[in-house]
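Trainee: Before we begin, could you show me the structure, so that I can ask about it piece by piece?
Mentor: Here it is, and we can then take your questions in turn.

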Amino acid sequence: MIALIQRVTQAKVEVDGNITGQIQQGLLVLLGVQKEDDESKADRLLEKVLHYRVFSDEQGKMNLNVQQVKGELLVVSQFTLAADTQKGLRPSFSNGAAPQKAEQLYDYFVQKSQQCVTTATGKFASDMQVSLTNDGPVTFWLEV
């Protein structure tokens with residue numbers, strides 16, 4: 001399971017011109033699900049996302065996590081994160097989970113995150129327009 005996290009001052013996702021999720025300070029989480037992923041991997045990845053220290057403390061060092069700054073999450077499904085780009089000029093998606101499994105694990109990740117922090121979402125398997133203000137910019141690739 002993969003999360004590309006971006007520290008943001010604001011972010012939103014729209015589907016068909018309607019906002020499905022919007023946050024202020026927090027993390028935009030682009031979530032990719034691979035074939036071998038399961039709920040235990042989702043739990044470990046969420047633990048990393050929630051505790052990863054990417055926000056500045058009083059000394060300007062990245063020592064605080066999203067919960068400590070009372071930030072929010074915007075979780076957006078992103079199957080392209082599972083792409084194999086090692087060969088050729090066209091990505092292979094053979095590592096990605098089947099849509100039904102991916103949606104189940106995406107929903108699981110979102111439900112668990114909502115128990116810990118304010119969480120907004122995109123709409124699984126939709127053509128989404130994501131806009132954000134990346135704070136820093138600060139972007140990390142997390143994988144379990």
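**A predicted model, residue by residue**

Mentor: We can start with L74, which is found in strand 6, keeping in mind that this is a predicted model.

Trainee: Is L74 buried or exposed?
Mentor: A residue counts as buried when its relative accessible area is under 20%. L74 has a relative accessible area of 0%, so the class that applies to L74 is buried.

Trainee: With which residues is L74 in contact, once its neighbours within four places in sequence are left aside?
Mentor: The partners come from several stretches of the chain, and T118, which is 44 residues away along the chain, has its C-alpha atom 8.7 Å from that of L74. Leaving aside neighbours within four places in sequence, the residues in contact with L74 are A11, K12, V13, G21, Q22, I23, L27, L28, V29, A120, T121 and G122.

Trainee: Which residues have the most contacts inside the largest nonpolar core?
Mentor: In soluble globular proteins, nonpolar side chains tend to be buried together. Here the largest nonpolar core has 28 residues, and those with the most contacts inside it are V29, V49 and L73.

Trainee: Which element gives the most to this core of 28 residues?
Mentor: The largest nonpolar core, with its 28 residues, draws at least two residues from each of strand 1 (2–15), strand 3, helix 1, strand 6, helix 2 and strand 8. The element that gives the most to this core, with six residues, is helix 2.

Trainee: Which residues are in contact with V49, leaving aside its neighbours within four places in sequence?
Mentor: V49 is one of the residues with the most contacts inside the largest nonpolar core. With the neighbours within four places in sequence left aside, V49 is in contact with A3, I5, L27, V29, V66, L73, F109 and L142.

Trainee: How many residues are in the other core?
Mentor: That core lies apart from the largest one, and I2, I23, L81 and A120 are among its members. The number of residues in this other core is 14.

Trainee: What covers the buried residues of helix 2?
Mentor: Helix 2 has 16 residues and reaches 22 Å from its first C-alpha to its last, close to the 22 Å expected at 1.5 Å a residue. Its buried residues are A102, L105, Y106, Y108, F109, V110 and S113. What covers them includes strand 3, helix 1 (39–51), strand 6 and strand 7 (119–121).

Trainee: Which residues lie nearest the centre of the largest pocket?
Mentor: Rolling a probe the size of a water molecule over the atoms shows where empty space is left. The largest pocket has a volume of about 380 Å³, and strand 3 (26–32), strand 6 (72–77), helix 2 (99–114) and strand 8 (128–143) each supply at least two residues of its lining. Of the 20 residues that line this pocket, those nearest its centre are S77, Q78, F79, T80 and F124.

Trainee: How many residues of the lining of the largest pocket are nonpolar?
Mentor: The lining divides into three classes, with six polar residues and one charged residue among them. The number of nonpolar residues in the lining is 13.

Trainee: Which residues does Q78 touch, not counting those up to four places away in sequence?
Mentor: Q78 has its place in the loop between strand 6 and helix 2, and is partly exposed, with a relative accessible area of 25%. The C-alpha atoms of Q78 and I2, 76 residues apart along the chain, are separated by 9.3 Å. Not counting residues up to four places away in sequence, Q78 touches L30, L31 and G32.

Trainee: Why does Q6 count as buried?
Mentor: Q6 has its place in strand 1, and not counting residues up to four places away in sequence, Q6 touches G26, L27, L28, L132, N134, V138 and T139. Buried means under 20% relative accessible area. Q6 counts as buried because its relative accessibility is 14%.

Trainee: What is the relative accessible area of D16?
Mentor: D16 is found in the loop between strand 1 and strand 2 (18–23), and its phi is near 55 degrees, a positive value in a residue other than glycine. D16 is exposed, and its relative accessible area is 74%.

Trainee: Where is the residue that follows the cis peptide bond from G136 to P137?
Mentor: The peptide bond from G136 to P137 is cis, with omega near 0 degrees. P137 lies in strand 8.

Technical notes: Residues are numbered from 1 along each chain as its sequence is written. This is a predicted model: local features need pLDDT of at least 70, side-chain atom pairs count only at pLDDT 80 or more; totals for chains, interfaces and linings use all residues. Side-chain values use heavy atoms; hydrogens and water are left out. On a 1 Å grid over the protein atoms alone, a cavity is a set of points where a 1.4 Å probe fits but cannot get out, and a pocket is an open set with protein on both sides within 12 Å along at least five of seven lines; lining residues have an atom within 4 Å of a point. Grid points are joined across faces, edges and corners, and a volume is the space filled by probe spheres set on the points. Helices (H or I, at least four residues) and strands (E, at least two) are DSSP runs, numbered from the N terminus. Ala, Val, Leu, Ile, Met, Phe, Trp, Tyr, Cys and Pro count as nonpolar, Asp, Glu, Lys and Arg as charged, and the others, Gly among them, as polar. The expected span of a helix is 1.5 Å times one less than its number of residues. Buried means under 20% relative accessible area, exposed over 50%, partly exposed in between (1.4 Å probe, protein chains only). Contact means heavy atoms within 4.5 Å. A nonpolar core is a set of buried Ala, Val, Leu, Ile, Met, Phe, Trp, Tyr and Cys residues joined through side-chain atoms within 4.5 Å.
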